[in-house]
There are 2 protein chains.
Amino acid sequence: MFPVTGARTVKTYLECIPCFLRQALEASRMATHDDGVQAKIIRRVLRETANFSFSLSPPHMGQKIHRIVREETGDPDPYRAEKLRYNMLYAQIYPQAKKMVARSENPRDSALKLAVASNVLDFGPPGFNLGSKIGSILESALSEELAIDDRASFWRTMEKAEEILYLGDNTGEVFFDRLLLEHLPVEKVTFVVRGGPAINDITMGDLDDTGLNGFVSVVDNGSDAPGTILEDCSPEFRQRFEAADLIISKGQGNYETLSGIDKHIFYLLKAKCPVLARDLDVAEGSLVVKEVLPKAV
Amino acid sequence: MFPVTGARTVKTYLECIPCFLRQALEASRMATHDDGVQAKIIRRVLRETANFSFSLSPPHMGQKIHRIVREETGDPDPYRAEKLRYNMLYAQIYPQAKKMVARSENPRDSALKLAVASNVLDFGPPGFNLGSKIGSILESALSEELAIDDRASFWRTMEKAEEILYLGDNTGEVFFDRLLLEHLPVEKVTFVVRGGPAINDITMGDLDDTGLNGFVSVVDNGSDAPGTILEDCSPEFRQRFEAADLIISKGQGNYETLSGIDKHIFYLLKAKCPVLARDLDVAEGSLVVKEVLPKAV
């Protein structure tokens, strides 16, 4: 079996603590308007955090936080509406993105860049006129530079790989994952979603009407962590992970939980916080396509 | 004796919680480079916050946080160097501010505005060339509008008041408090500092070389809270507070702890956070000169 213990993941730094509380507050407000329940959630999260081992990764704590929110509110998926909104926004932007990619100088590189940048597209507040902004949103995403740029190796590797796992991240951006998948050997790819609700991360239920199911084979990882905590995933998923000769890992949560794992991985992400930026030695906000090779073969 | 219990102060909102942790982290880093000690502080603050009564004001929690930091690090005044730096920066800017005020159309109004704005002058990172920036720092402070503007009443009231307490806030800006004091009936004013170190708030020890001692009579309030928690202040200070017919209250911490107290108070502050801005019904970042009258006389 794949050795999942002892691997170095991104540990929790003290800077993550205020952020945990901010996240807990956001999620509790998403799930209930009852400020008594919100306060109860925050007090539980404070106690859990006080006892949390900082040698674990931030998504370990994220999993605890969002379980507390679900338990205290009875809402099995507090981000459901938010996720639907994002799927709808990306659905509107996808056709134009696809055209833009096709007309670009290097379509597959453009698709890759959009998949990375899609982690954090700025759609503005609910109710604004998306139609008039799509062009500028896409152009600014496409014009961003990559701070770590292993694209050349990414494409070379794709040709040789036999079994590829594509670990998804957020709902909505799944449309741009599809844009990238259209340039990958899709018959060799399995797309992976979370096994249960975790913030706005993609789950099986969030794939409805996105067109991804049917286009690529999809499995869930059996875990409700906002990352890929292998020891928390299902045995079936761990077997697939072990068998795959290449992993495409989307987003910060997957990086934080997998970095240090002995595997051939391409990390596609935006370094959204100072802790991760420091770990990757890039500026905060940087776009990254980073290859990590397995140790000895 | 002055009735200090039952008064409505600004209570702690859930949004304050991540901010408490951010503050605790900042203070622990100011006090020690030992990340084991920092982690111990954060865990203690998490536990204290979990048990904190949210009907108390944020400075109540601030006091607990900074006591924990001092206890765990053995550093009696972690912000000492920071405070010295700010005194030095304001000392450099003061002469030009004084000239600018004197030359302005309404000198005393300008002095009042600078005293309010001085709460948060942006000096940039350590090591930058202050000399070349002083003019623009002052001009932008003077050109800011007041979101609540009780200046007219402020000056009328000053003439009639017989015993005025001026509650100071941060070190550094004390130079701009002096600028305002130069336009007040200083013989009737007592300037109040904190009774012990509380973040970067002004204490007796921080007045050295500022020229304030000698210019105005100064007392400390006997408390190490970053605000004015009357029940935590010395009996001597509470007697003075009761006897005074007018209070000038500088900064957010004093407002949070005194708002609702039955007293004639002018609050001079910048609404630095969304919670306070909401309480005052102004935009975040607004400058405020707000008069609150005592109930029945």
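**Exercise 1. Which strands of chain B does helix H7 lie across, and at about what angle does H7 run to S7(B)?**

Before solving, note the ground rules. This is a predicted model: local features need pLDDT of at least 70, side-chain atom pairs count only at pLDDT 80 or more, and totals for chains, interfaces and linings use all residues. Residues are numbered from 1 along each chain as its sequence is written, with chains lettered from A and ligands numbered from 1 in the order in which they are written.

Solution.
- Step 1. Locate the helix: H7 of chain B covers residues 151–160. Helices (H or I, at least four residues) and strands (E, at least two) are DSSP runs, numbered from the N terminus.
- Step 2. List the strands beneath the question: H7 lies across S1, S5 (246–250), S6 (265–270) and S7 of chain B.
- Step 3. Read the angle: H7 runs at about 50° to S7(B). Axes are lines fitted to C-alpha atoms, for helices over the stretch in contact, and angles run from 0 to 180 degrees between N-to-C directions.

**Exercise 2. Trace the sheet of chain B and find its edges**.

Solution.
- Step 1. Write the order: S1-S7-S6-S5-S2-S3-S4, seven strands in an open sheet with mixed pairing. Two strands pair if DSSP finds at least two bridges between them.
- Step 2. Pick the edges: S1 (146–149) and S4 (217–220) of chain B each pair on one side only.
- Step 3. Add the twist, which averages 20° from one strand to the next.
- Step 4. Check one pair: S1(B) and S7 (residues 287–292) of chain B run parallel, joined by three bridges. B:Leu146 has B:Leu287 in S7(B) as its bridge partner.

**Exercise 3. Describe how the two domains of chain A meet**.

Solution.
- Step 1. Set the bounds: domain 1 is 16–73 and domain 2 is 80–292. These come from an automatic or database domain assignment.
- Step 2. Count contacts (C-beta atoms, placed from the backbone, within 7 Å). Nine residues of domain 1 of chain A touch twelve of domain 2 of chain A.
- Step 3. Name the suppliers on the domain 1 side: H1 (16–31) and H3 (58–73) of chain A each give at least two residues. H3(A) gives the most, six residues.
- Step 4. Sort that side by class: four nonpolar, five polar and no charged. Ala, Val, Leu, Ile, Met, Phe, Trp, Tyr, Cys and Pro count as nonpolar, Asp, Glu, Lys and Arg as charged, and the others, Gly among them, as polar.
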